[in-house]
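Student: Please take me through this structure and explain the words used to describe it.

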Amino acid sequence: MNGLDSARPILVTGAAGFAGSHVVEALAAHGTTIGWTHRAAPPAEIASLATWESVNMLDPAAVRAAIARARPSAVVHCAGAPNVAHSWRDTLTPLSVNVLATHHLFDALRRAGAPSRVIVPGSATVYAASAAPLTEESPLAPSNPYAVSKLAQEELALRAAREDGVDVIVTRSFNHTGPRQSAAFAAPNMARQIAQNEAGLVEPLIKVGNLEAQRDFTDVRDIARAYVGLVHQGTPSTIYNVSSGVPRVMRSVLAALIARARVSVRVEPDPALMRPSDTPLLLGDSTRLRDATGWQPQISFDQTLDDLLNYWRGVIVA
């Protein structure tokens with residue numbers, strides 16, 4: 001366990017959310033898990049896998065009290081505002097949720113005096129645009145409000161390591177998708193529209209944004225395994241890319257989902273789904289992570305799309 005106290009719980013913040021809920025599942029065999037959520041209820045399928053607490057991470061007193069009770073051996077800090085497109089319309093939310101909440105977490109851990117390993121899942125959007133695979137040493141140039149907030153979060157985490165001796169690991173995670181992802185993101189938005197078409201709820205049409213962008217997709221369940229691997233095997237004060245290393249054009253993702261549809265659909269561009277700034281290629285090199293933990297993606301992209309579409313079929317029918 002890399003020096004972690006197995007008698008103390010592992011805390012997952014944002015545990016009812018997309019990545020956080022899958023981290024809770026990935027931790028099922030690793031002892032006691034505490035899941036923090038604010039407004040969202042945990043998905044039914046993971047409700048029994050953690051002890052759940054409602055904690056508003058923008059309330060410093062609430063965070064301090066919850067950390068003092070839990071005294072976790074490790075924290076996987078998945079709470080945050082994750083959407084690039086939304087950040088253009090609302091810059092305050094990512095800055096407050098991604099930065100201020102992280103500050104409250106580290107402040108509470110320092111005050112509690114309980115050594116904890118903290119995994120801070122960051123974002124590959126902090127990198128400057130590049131035609132080559134990005135390594136952890138690649139230049140940084142966040143190009144949207146969300147990316148600015150994630151770089152600030154990263155700096156907070158590394159400062160906590162330098163100044164307070166916190167055992168911190170930061171990831172720069174590339175695109176991930178799979179079951180439970182919000183339709184505010186491109187792939188699940190396409191899957192939801194197909195499910196709605198199949199159910200006869202809307203006309204046979206899929207509205208899309210930029211289909212020429214290339215993204216490095218990993219299944220969220222593989223992403224969760226990477227975070228758990230870093231809890232046990234990562235090196236403190238280190239940044240790790242989490243990525244598949246495979247670029248996929250969004251047009252091909254749409255075509256693969258349409259090929260799975262049970263009805264014929266047509267495609268229509270929607271200006272509302274276009275971003276003011278969209279990086280043409282985002283491709284990661286995760287050699288450092290693979291060398292440190294032995295991690296590699298286990299779930300094929302075909303399986304990811306099958307599971308994503310079936311998830312949305314279940315949501316629409318329900």
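Tutor: What follows takes up the sheets, some buried strands and a pair of helices. This is a predicted model, in which local features need pLDDT of at least 70, side-chain atom pairs count only at pLDDT 80 or more, and totals for chains, interfaces and linings use all residues. Residues are numbered from 1 along each chain as its sequence is written, and side-chain values use heavy atoms, with hydrogens and water left out.

Student: How do you know that β1 and β4 pair?

Tutor: Two strands pair if DSSP finds at least two bridges between them. Strand β1 (residues 10-13) and strand β4 (residues 74-77) have 4 bridges, in the parallel sense, so they meet that definition. Within this pair, I10 stands opposite A74 and L11 stands opposite V75. The strands themselves are DSSP runs of E with at least two residues, and helices are runs of H or I with at least four, numbered from the N terminus.

Student: Which strand does β4 join through 3 bridges?

Tutor: That is strand β5 (residues 117-123), which runs parallel to β4. There V76 stands opposite I119.

Student: What is the order of strands in the open sheet of 7 strands?

Tutor: The order is β3-β2-β1-β4-β5-β6-β11, with parallel pairing. β3 (51-54) and β11 (238-242) are at the edges because each has a single partner strand, which leaves one side of each without a neighbour in the sheet. From one strand to the next, the twist averages 20°.

Student: What makes β11 largely enclosed by the rest of the structure?

Tutor: Buried means under 20% relative accessible area, exposed over 50%, and partly exposed in between (1.4 Å probe, protein chains only). In β11, 5 of the 5 residues are buried, so the strand is largely enclosed by the rest of the structure. T238, Y240 and V242 lie on one side, and I239 and N241 on the other. The partner in the sheet is strand β6 (residues 167-173), paired with β11 in the parallel sense over 5 bridges; S173 stands opposite V242 there.

Student: Which residues of β4 point one way, and which the other?

Tutor: A74 and V76 point one way, V75 and H77 the other, and all are buried.

Student: Why is α6 called oblique to α10?

Tutor: Two packed helices are described by the angle between their axes and the distance between the axes. Axes are lines fitted to C-alpha atoms, for helices over the stretch in contact, and angles run from 0 to 180 degrees between N-to-C directions. The axes of α6 (residues 186-198) and α10 (residues 301-317) come within 8 Å and cross at roughly 50°. That angle makes α6 oblique to α10. Under 35 degrees counts as roughly parallel, over 145 as roughly antiparallel, 65 to 115 as roughly perpendicular, and the rest as oblique.

Student: Which residues make the contact of α6 with α10?

Tutor: Contact means heavy atoms within 4.5 Å. Among the residues of α6 that meet α10 are A187, P188 and A191, and those of α10 include L308, L309 and W312. The contact divides into 9 nonpolar, 1 polar and 3 charged residues. Nonpolar covers Ala, Val, Leu, Ile, Met, Phe, Trp, Tyr, Cys and Pro; charged covers Asp, Glu, Lys and Arg; the others, Gly among them, count as polar.
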